[in-house]
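Colleague: Could you take a single part of this model and go through it closely, in a way that a first-year student could follow with the structure on screen? I would like to hear what holds that part together and what surrounds it.

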Amino acid sequence: MSSNKRQYKCKNNPNKFCYVCGEYIFVTPPNFTSTLQSAYRLYFYISPENLGESWTPNVLCNTCKTGLTMWMTGAKRYLSFDVPTIWRQPMCHEVDCYFCLTKIKQHGRHKTVEYAHVNSMSKPVPHSLSVKYPVCPKKNIVNRQNQVIMPNEKSELLASRLQERNLLKSQVKVTFYRSRQKYYAQYYIKKNNVCYCNDIYGLFKEFGEPYDPTEWRLFIDSN
Ligand SMILES: [Zn+2]
Ligand SMILES: [Zn+2]
């Protein structure tokens, strides 16, 4: 936390705003833990910059937390935007501070938020159908020290070493190759001893490849 580093006392506490989506958080916000920061990096392909600065929040909202956490587990859950909030140091605090200029209005027991539009903060870019969702690295173990994704062979070895030394929680389940077909098997059906793909579009999406229906050839495999 950087509250002691803050140079200004903003009208609204920066740590009541989500680092990822920029929205005001009405409840007690979860911390942007190192695990969630790793998920952020893998999801958006950028690092969460300037965490701990006086002009960025150190927390995220429950929607972003749940979205990133679920995505990391391999569930097909995605955030509603492709580019997260980008925070920049305000050039002039009085006219460029998102936290001061965003208005929280009280209406009886309800609050509404009127968000500021300032140069120091770029709002998230909503998800576009032309942008592919990021592929979850569920088959890899993230080396949290170096933030490096290992190839499957190495991560399996690392997982077994960690298990041997009791460094993994008892409920941690390590699965790699033995179950990898399950993500693809759902696009196939078996009828009268014939097995075929009945959702080519879905299969290509699973591969993370664009599907071009004009590109095809007849191929019969009788194995
Ligand atoms: Zn301020
Ligand atoms: Zn959020």
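Modeller: A word to settle before we start is "donor": it stands for an N, O or S atom that lies within 2.8 Å of a metal such as the one discussed here. Please keep in mind throughout that this is a predicted model. With that in hand, the part I would choose is the metal-binding region, where the donor residues of the zinc ion (ligand 1) follow the spacing C-x82-H-x3-C-x2-C along the sequence. Put into names, these donors are Cys-10 (SG), His-93 (NE2), Cys-97 (SG) and Cys-100 (SG), at 2.1 to 2.3 Å from the ion. The arrangement is tetrahedral because the 4 donor atoms subtend angles of 104 to 117° around the zinc ion. The pair Cys-10 and Cys-97 links distant parts of the chain, for Cys-10 sits in the segment before α1, while Cys-97 sits in the loop between α3 (93-96) and α4 (98-101), 87 residues apart. Both Cys-10 and Cys-97 are buried.

Turning to the zinc ion (ligand 2), we find that its protein donors are Cys-18 (SG), Cys-21 (SG), Cys-61 (SG) and Cys-64 (SG), each lying 2.3 Å from it. The spacing along the chain is C-x2-C-x39-C-x2-C, and the site is tetrahedral, with angles of 104 to 114° among the 4 donor atoms. Cys-18 belongs to the segment before α1 (34-44) and Cys-64 to helix α2 (residues 62-73), so this pair ties together parts that are 46 residues apart in sequence. Why do Cys-18 and Cys-64 count as buried? Cys-18 does because its relative accessible area is 0%, and Cys-64 does because its relative accessibility is 2%, where the cut-off is under 20%. Cys-21, another of these donors, has its C-alpha atom 9.2 Å from that of Val-83, although Val-83 and Cys-21 are 62 residues apart along the chain. Val-83 is part of strand β1 (residues 81-83), and it counts as partly exposed because its relative accessibility is 34%.

From the metal sites we can move to the aromatic rings, since Tyr-19, like Cys-18, lies in the segment before α1. Searching the whole structure gives 17 aromatic pairs, and one of them joins Tyr-19 and Trp-87 in a tilted arrangement, with 6.4 Å from centre to centre and 45° between the planes. Trp-87 lies in strand β2 (residues 86-87), so this pair ties together parts that are 68 residues apart in sequence. Tyr-19 and Trp-87 are both buried. A further pair is made by Tyr-43 and Phe-44, which meet edge-to-face at 4.9 Å centre to centre, with 65° between their planes. Tyr-43 is buried at a relative accessible area of 4%, and Phe-44 is buried at 8%.

Tyr-43 and Phe-44 also bring us to helix α1, where they are among the buried residues, together with Leu-36, Gln-37, Ser-38, Ala-39, Tyr-40 and Leu-42. The helix as a whole is mostly covered, since 8 of its 11 residues are buried. Most residues other than glycine have a negative phi. Just after α1, however, Tyr-45 takes a positive phi of about 60°.

Trp-87 is worth a second visit, because empty space is left beside it, and rolling a probe the size of a water molecule over the atoms is what shows such space. Trp-87 is one of the residues that line the largest cavity, along with Trp-55, Arg-88, Pro-90, Tyr-98, Phe-99, Ser-120 and Met-121. This cavity holds about 30 Å³ of space, and the count of cavities of 30 Å³ or more is 1. Its lining divides into 6 nonpolar residues, 1 polar and 1 charged.

As a contrast to these covered residues, consider Asn-192, which lies in the loop between β9 (188-191) and β10 (194-197). Asn-192 has a positive phi of about 45° although it is not a glycine, and it counts as exposed because its relative accessibility is 73%. Asn-193 is placed in the loop between β9 and β10 as well, with a positive phi near 65°.

Key
Residues are numbered from 1 along each chain as its sequence is written. Chains are lettered from A and ligands numbered from 1 in the order in which they are written. This is a predicted model: local features need pLDDT of at least 70, side-chain atom pairs count only at pLDDT 80 or more; totals for chains, interfaces and linings use all residues. Side-chain values use heavy atoms; hydrogens and water are left out. Donors are N, O and S atoms within 2.8 Å of the metal (3.2 Å for Na, K and Ca); water is not among the atoms, so sites may look incomplete. Four donors count as tetrahedral if all angles lie between 85 and 135 degrees; four count as square planar and six as octahedral if opposite donors are over 155 degrees apart and all others between 65 and 115; anything else is irregular. Helices (H or I, at least four residues) and strands (E, at least two) are DSSP runs, numbered from the N terminus. Buried means under 20% relative accessible area, exposed over 50%, partly exposed in between (1.4 Å probe, protein chains only). Rings of Phe, Tyr and Trp (its six-membered ring) pair if their centres lie within 6.5 Å; planes under 30 degrees apart count as stacked, over 60 as edge-to-face and the rest as tilted. On a 1 Å grid over the protein atoms alone, a cavity is a set of points where a 1.4 Å probe fits but cannot get out, and a pocket is an open set with protein on both sides within 12 Å along at least five of seven lines; lining residues have an atom within 4 Å of a point. Grid points are joined across faces, edges and corners, and a volume is the space filled by probe spheres set on the points. Ala, Val, Leu, Ile, Met, Phe, Trp, Tyr, Cys and Pro count as nonpolar, Asp, Glu, Lys and Arg as charged, and the others, Gly among them, as polar.
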